[in-house]
Amino acid sequence: MSKIGQDSLKTRKTLEVNGKSYDYFSIKAAENALGEDFSRLPFSLKILLENLLRFEDGSSVKVDDIKALAQWLKDKKSTHEIAYRPARVLMQDFTGVPAVVDLAAMRDAVSDLGGDPTKINPLAAVDLVIDHSVQVDKYGDASAFEENVEIEMQRNRERYEFLRWGQEAFDNFRVVPPGTGICHQVNLEYLAKVVWTKEEGGKNIAYPDTVVGTDSHTTMINGLAVLGWGVGGIEAEAAMLGQPVSMVIPEVIGFKLTGDLKEGTTATDVVLTVTQMLRAKGVVGKFVEYFGDGLTRLSLADRATLANMAPEYGATCGFFPVDEETIKYLQLTARDEDAIALVEEYAKAQGMWRDSAAADPIFTDIMELDLGVVEPCISGPKRPQDKVLLSDAVAAFAKELPGLGGGDLSKRADVANENYQLSNGSVVIAAITSCTNTSNPSVMLAAGLVAKKALAKGLKSKPWVKTSLAPGSKVVTEYLQSAGLNDDLDQLGFNLVGYGCTTCIGNSGPLKENLEQSIKSNDLTVCSVLSGNRNFEGRVHPLVKANYLASPPLVVAYALAGSMNIDISKDPIAQNDAGEDVYLKDIWPTNNEISQLVAKDVSPKMFAEKYGDVFKGDEHWQKIKVEGGNNYGWGESSYIKKPPYFEGMSMDLDVVGDVKGANILALLGDSITTDHISPAGAIAKDGPAAKYLQENGVDPADFNSFGSRRGNHEVMMRGTFANIRIQNEMAAGTTGGYTTYIPGGQVMSIYDAAMKYKESGTSLVVIGGKDYGMGSSRDWAAKGTLLLGVKAVIAESFERIHRSNLIGMGVLPLVFKDNVNRKTLGLDGSEVIDITGISSGITPRMDVSCVITKKDGSVENIKLLCRIDTSDEVGYFNNGGILHNVIRDLIQV
């Protein structure tokens with residue numbers, strides 16, 4: 001962690017808590033020094049304010065930066081850039097492995113430049129939780145968990161050996177072993193402190209717990225009043241090496257919650273409603289802060305659910321301030337008593353405690369939701385913001401069907417060796433998964449109660465439904481057992497399959513072979529229902545075209561129904577063996593039933609026991625060999641390969657030039673996600689990545705997933721733009737990673753075309769629509785783009801994290817202006833692109849000139865907005881990327 005600053009405003013004060021003294025940087029003292037009143041600053045911005053007070057050094061943080069927050073109160077927005085230093089970094093293994101690969105390569109680069117490689121070492125605390133690798137290979141029986149663990153360890157041995165090396169080679173770097181839980185739930189239940197402390201100069205310093213993470217759902221921790229959000233792996237690497245996060249002071253949208261949830265609705269229904277509202281509002285790059293009397297009636301777990309889906313509603317974070325509920329949750333999760341006392345006293349001393357009698361903060365804008373109007377709902381079939389009332393689900397699916405694959409609702413198909421048929425709308429996956437909901441005892445116990453009542457009515461899950469239960473922590477298993485509901489879930493096929501992300505990130509595993517064959521041969525549009533946060537096309541399973549987000553109890557209900565063509569809100573879900581109709585109302589628990597179980601069966605002892613030795617791991621983890629010293633010994637692994645980013649690097653900056661004579665590699669539409677750009681799921685057996693792996697002796701059965709192969713750039717660049725659902729307008733009639741190679745007019749894989757352009761020395765650009773790069777924090781969406789030879793991405797708008805990642809890899813993010821886009825320009829991909837104005841020097845948010853030459857020789861001249869937004873980002877780009885910038889800075893120290 002960077003050392004504290006010079007404190008020009010004399011804000012350092014002392015706080016006594018339970019006989020211990022803590023120094024802190026007082027917002028009240030800053031008010032007195034500046035003659036300002038920060039009392040109505042949004043709580044989330046008070047955390048930024050404290051960060052500036054603590055690190056004010058006259059250089060990276062100046063008094064003017066602090067004054068800018070006072071000005072924010074007057075203008076309710078700002079264009080002022082600040083340097084923000086989070087307390088710690090959170091990682092998961094899909095994004096964490098490539099980050100550690102980068103750190104290892106950076107050590108080699110520093111050595112090659114004559115520097116000390118150990119300077120590449122985390123200064124901020126780093127926790128990596130292995131949660132993304134377990135897949136649902138086995139399910140539906142008592143042995144599923146143990147079998148999936150065995151398969152996971154076998155598949156990922158090389159990756160886990162590498163992480164064990166990293167654990168030994170780097171300071172301030174802890175690894176939570178596989179089989180423990182999902183990183184955000186582990187963060188919520190154990191890692192986060194709300195108020196962080198460290199010793200410096202013989203004094204205990206207290207300050208707000210803050211975090212950036214290499215997963216976009218790091219935002220979940222804002223439910224616990226810890227300011228946090230997702231960043232790309234490369235930005236996280238810079239943060240852990242002591243570099244500040246460069247950001248413009250954001251707008252803050254106040255979201256007022258009033259009323260109380262009606263009978264039969266859940267926190268999942270609330271978050272899907274809020275996601276629809278905020279996505280329609282447009283909050284990309286903004287903070288959302290919740291306020292109002294409705295907060296009093298939301299449990300901490302409910303708040304965490306709302307905070308979790310900030311990436312889906314587009315915000316940087318969705319923040320809840322510290323209050324009595326925060327303290328209750330810290331007590332429930334067995335946090336240290338002195339630490340809990342410090343949280344309360346510190347929050348009250350700093351004006352960070354939510355007091356219902358105090359005036360509301362001042363916000364940029366305000367939205368409002370009465371919790372009493374929220375109705376049961378799901379979201380889909382391919383975007384989280386597309387909320388569908390449960391009562392409208394049948395009609396909504398019928399309306400979407402033509403765009404999903406055609407056919408009609410009456411289409412049915414036989415399944416080999418089975419006595420049932422599949423149809424358009426059949427639910428083939430029902431997964432209780434993801435930190436979004438499995439962190440919430442209310443909805444998890446509700447799912448168990450639905451299972452119990454369904455069994456009592458004689459119902460079973462439909463035989464074509466792949467059912468799974470993958471909680472975000474072992475505590476979930478404990479309270480389900482305590483409540484006597486585990487057996488009920490097991491009898492419906494919701495056996496434990498692992499403690500990890502599973503289906504939510506595309507690790508749903510295979511369907512039965514005869515089901516897959518029926519779906520493919522009959523081109524059926526089948527469905528999944530999952531308690532996750534993302535349902536982008538091609539993500540959950542390659543054969544499942546319609547994917548719906550739902551609460552855990554609704555996941556169970558749809559497993560019983562087996563179809564999206566049944567209106568489970570009013571029609572019978574199913575008949576039992578006696579021919580009796582059973583309705584959802586017959587098996588749905590009351591709010592009182594749920595709350596009684598939460599009070600009885602969720603205890604601090606569970607958290608204390610399950611997190612008592614969290615870094616130890618099971619016997620599989622403990623047996624992994626650890627080899628290597630300060631520099632990694634790159635071997636022949638097909639998972640871990642030294643990346644090429646720093647080859648030939650010198651201390652001198654390369655000249656940044658204009659983009660001349662570039663061809664278009666891909667012409668893409670709206671809502672292109674990072675899943676489209678860099679898929680995490682299965683590696684297609686006939687693609688460039690498969691060819692590479694087989695040429696290197698990897699059997700198709702051992703391909704694993706793209707997510708697991710992120711430590712090998714050769715695999716990942718071949719998988720860039722290779723999502724099976726991506727549609728490149730340059731290759732009409734195709735779906736998947738194809739393009740037209742313009743010089744010859746042939747349709748080929750995007751990777752193969754990119755390599756042909758590279759051989760001829762031709763630069764490339766990618767053109768997209770609105771919300772380009774939405775979704776996961778996936779830095780490989782930027783890394784792969786660079787390695788394909790793409791110099792610039794031109795879009796109508798960018799999502800926050802992907803824009804930052806592109807800059808971090810030295811790729812220009814450019815935005816169309818004046819209502820111009822690919823359609824108004826009539827682009828077909830054959831055009832040649834020149835982008836000028838770069839070589840004369842980039843300034844934040846400058847205009848650049850773009851000349852588009854069409855195949856008939858006609859020319860269009862347009863202006864583009866360069867979305868390099870801050871002076872720090874200019875420095876990163878000029879260095880060839882943020883990591884190059886860090887290396888040069890560290891060598892010069």
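Visitor: Where does L9 lie?
Guide: This is a predicted model, so take what follows as read from that prediction. Strand β1 covers residues 12-17, and L9 is found in the segment before β1.

Visitor: Is L9 buried or exposed?
Guide: Leaving aside neighbours within four places in sequence, L9 is in contact with A33, L34, L53, E56, V63 and I66. The relative accessible area of L9 is 15%. Buried means under 20%, so with its 15% L9 counts as buried.

Visitor: How many Å apart in space are L9 and V274?
Guide: In sequence, 265 residues separate L9 and V274. Going from C-alpha to C-alpha, the distance between L9 and V274 is 40 Å.

Visitor: Let's talk about empty space. What is the volume of the second largest pocket?
Guide: The lining of the second largest pocket is made of 48 residues, and the closest to its centre are G285, R800, R803, R867 and D869. The space in that second largest pocket comes to about 1100 Å³.

Visitor: Which element gives the most to the lining of the second largest pocket?
Guide: The elements that give two or more residues include β10 (227-230), β11 (245-248), α9 (267-281) and α30 (800-808). With six residues, the one that gives the most to this lining is α30.

Visitor: How many charged residues are in the lining of the second largest pocket?
Guide: Sorted by class, the lining of the second largest pocket holds 22 nonpolar and twelve polar residues. R800, R803, R867 and D869 are among the residues closest to the centre, and Asp and Arg count as charged. For the lining of the second largest pocket, the charged class comes to 14.

Visitor: What about closed spaces: what is the volume of the largest cavity?
Guide: Rolling a water-sized probe over the atoms is how leftover empty space shows up. Searching the whole structure turns up nine cavities of 30 Å³ or more. The volume of the largest cavity is about 210 Å³.

Visitor: Which residues are the closest to the centre of the largest cavity?
Guide: The largest cavity is lined by 23 residues. By class they divide into seven nonpolar, eleven polar and five charged. The closest to the centre of the largest cavity are H132, D215, H217, I505 and R539.

Visitor: And which element gives the most to the lining of the second largest cavity?
Guide: The second largest cavity has about 140 Å³ of volume. It has 17 lining residues, and P311, A315, E799, R800 and I801 are the closest to its centre. By class, this lining has five nonpolar, ten polar and two charged residues. Giving three residues, the element that contributes the most to the lining of the second largest cavity is α30.

Visitor: On to the backbone. Which peptide bond is cis?
Guide: Most peptide bonds are trans. P381 sits in the loop between β16 (377-379) and β17 (387-389). With omega near 15°, the cis bond runs from G380 to P381.

Visitor: K76 is not a glycine, so what is its phi?
Guide: A negative phi is what most residues other than glycine have. K76 is in the loop between α3 (63-75) and β3 (81-84), and its relative accessibility of 37% makes it partly exposed. The phi of K76 is positive, at about 65°.

Visitor: Is N819 buried or exposed?
Guide: N819 belongs to the loop between β31 (812-816) and β32 (832-836), and its phi is positive, near 60°. The relative accessible area of N819 is 76%. The cut-off for exposed is over 50%, so at 76% N819 is exposed.

Visitor: Which backbone oxygen does the side chain of T180 reach?
Guide: T180 is in the loop between β6 (173-176) and α7 (183-191), and at 10% relative accessible area T180 is buried. Not counting residues up to four places away in sequence, T180 touches G472, S473, K474, Y499 and V614. At 2.8 Å, the backbone oxygen reached by the T180 side chain is that of P177.

Visitor: Which helix gives the most to the largest nonpolar core?
Guide: That core has 306 residues, and Y290 and I835 touch the most other members. Sequence neighbours within four places aside, I835 has contacts that include V659, V765, I794, L814 and V848. With eleven residues, the helix that gives the most to this core is α4.

Definitions and conventions. Residues are numbered from 1 along each chain as its sequence is written. This is a predicted model: local features need pLDDT of at least 70, side-chain atom pairs count only at pLDDT 80 or more; totals for chains, interfaces and linings use all residues. Side-chain values use heavy atoms; hydrogens and water are left out. On a 1 Å grid over the protein atoms alone, a cavity is a set of points where a 1.4 Å probe fits but cannot get out, and a pocket is an open set with protein on both sides within 12 Å along at least five of seven lines; lining residues have an atom within 4 Å of a point. Grid points are joined across faces, edges and corners, and a volume is the space filled by probe spheres set on the points. Helices (H or I, at least four residues) and strands (E, at least two) are DSSP runs, numbered from the N terminus. Buried means under 20% relative accessible area, exposed over 50%, partly exposed in between (1.4 Å probe, protein chains only). A polar contact is a pair of N or O atoms within 3.5 Å; within protein, one must be able to donate a hydrogen and the other to accept it, and residues adjacent in sequence count only if both atoms are side-chain atoms. Contact means heavy atoms within 4.5 Å. A nonpolar core is a set of buried Ala, Val, Leu, Ile, Met, Phe, Trp, Tyr and Cys residues joined through side-chain atoms within 4.5 Å.
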